[in-house]
Amino acid sequence: MGVLDASISPPKERYAVPYDNVVRLKQPEAFDDPLTDILRNGARALLAQAVEAEVADFLGKHIDLKTSDGHQRLVRHGHLPEREVMTGIGPVAVCQPRVRDREAGSAAPDRIRFRPSILPPYMRRTKSIEVLLPLLYLKGISTGDFSEALAALLGKDAAGLSASAIGRLKDGWFDEHAAWQKRDLSTKRYVYVWADGIHLQARLEDEKQCILVIIGATPEGAKELVGFSDGARESAHDWRELLLDLKRRRFDVPPQLVIADGALGFWKAAGEVWPKTREQRCWVHKTANVLAKLPKSQQPKAKRALQEIWMAATRTVAELAFDAFIESYTPKYEKAADCLSKDRDALLAFYDFPAEHWKHLRTTNPIESTFATVRHRTIRSKGCLSNKTALAMVFKLVEGAQRSWRRLDGHNQLPKLILGVTFNDGIEVITKTVDHQPAAAA
């Protein structure tokens, strides 16, 4: 709204508005943020102290090394040129100490070099920023708008985040994803595998909006992203293509147990590629499927009855609760009873594995919990992503989430499964040795 000048206003509408009452608002970039400046200066000082402590420790470990004339071989040699690292609180200037090896030239292969672990060479942005960028891209921020969006988050001094820089960074994500898809799996072993199809609502260009995900548990109990691809309605063809791709990359030892929902496409493909692997159906999905075939008035009671099955301490008790559910609901709700009974063996397979693992094996939660935040961040917006771009973005998000995945409870039991130890109701079966020596004569 403009300001009226009393000297040029019409006679009937003339009134005086003094200009000294008009206050010009500050633009966003003009605001000062003393707290952020303090944090940034503190981060700079802490980073400098950490790097100095690391170089002092490095020199201390090599203090016994001498040159041919008896002098110290490794000595301080100034600093490298100052560079800025983009962090969550904006750019932080760092100056890395330099170490000189007096015994070897700069190009010598045996030259001892100092590389601080907290400040890798050529690092220009922290890992948190690396995760933020694909997140913003999937949210619908175009490459041309990144500078404006990140300036609001990181400050007006945020540099190196132009449209061209974001484009180059995105190309790097494509390369990382492509290399990950081709990695050799001959040294990998996964005792358990979880599989599920996740509908992310990402801005994909065609009907393939389902991400097929496989997560495995290593003999050490760590969970790893094994493979993922785009698929159409979780078809058997797409699942088979993903599993065969893993096999071509020398994933030769099949898992002992696969956990998935009732998607027929996956189980058909898994039965062909891993015919000896046991099946465990996800109880969360099965519960939802059974309850969907009951009226709402019956669902709370039925849910408690289903919990009595999968929460039972032994298979025998679970079987009794299973039979009780079928007997109670078959007369009036036959479809719900049939939905449960047709997967009886696959629903109770977890009883033949260590009890410490049961809570991990009864559901596909390792996938659901990981992709819950990814799904939340990939809401459909204007624009369109190619499948290649969407998969690369999701890969970067999951790669960041994977660092916080916790190990399986009771991971010390996993090597026993590999060695063929049998478990009954979650307890290791101890085989008694029989003494075949003849008894002494009386």
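Which residue takes a positive phi just after H5? Arg 250 does, with a phi of about 75°. Residues are numbered from 1 along each chain as its sequence is written. This is a predicted model, in which local features need pLDDT of at least 70, side-chain atom pairs count only at pLDDT 80 or more, and totals for chains, interfaces and linings use all residues; side-chain values use heavy atoms, with hydrogens and water left out.

**Helix H5 and its neighbours**

Helices (H or I, at least four residues) and strands (E, at least two) are DSSP runs, numbered from the N terminus. H5 covers residues 236-248. Its 13 residues reach 18 Å from the first C-alpha to the last, close to the 18 Å expected at 1.5 Å a residue, where the expected span is 1.5 Å times one less than the number of residues.

Ala 236, Asp 238, Trp 239, Leu 242, Leu 243 and Leu 246 of H5 are buried, that is, under 20% relative accessible area, whereas exposed means over 50% and partly exposed lies in between (1.4 Å probe, protein chains only). These buried residues pack against strands S5 (192-199), S6 (210-217) and S7 (223-231), and against H6.

H6 spans residues 264-273, and H5 packs on it at an angle of about 35°, with the axes 8 Å apart. Axes are lines fitted to C-alpha atoms, for helices over the stretch in contact, and angles run from 0 to 180 degrees between N-to-C directions. Contact means heavy atoms within 4.5 Å. On the H5 side the contact includes Trp 239 and Leu 243, and on the H6 side it includes Phe 266 and Val 273.

**The strands S6 and S7**

S6 and S7 run antiparallel and are joined by eight bridges; two strands pair if DSSP finds at least two bridges between them. Ile 215 has Leu 225 in S7 as its bridge partner. The two strands form a hairpin with five residues between them. S7 is mostly covered, since seven of its nine residues are buried.

**Residues with a positive phi**

Most residues other than glycine have a negative phi. The table lists two residues that are not glycine and have a positive phi.

| Residue | Phi | Place |
|---|---|---|
| Arg 250 | about 75° | loop between H5 and strand S8 (257-260) |
| Asp 425 | about 55° | loop between strand S10 (423-424) and strand S11 (427-428) |

Arg 250 counts as partly exposed because its relative accessibility is 48%. In the turn of the hairpin, Gly 221 also has a positive phi, of about 90°.
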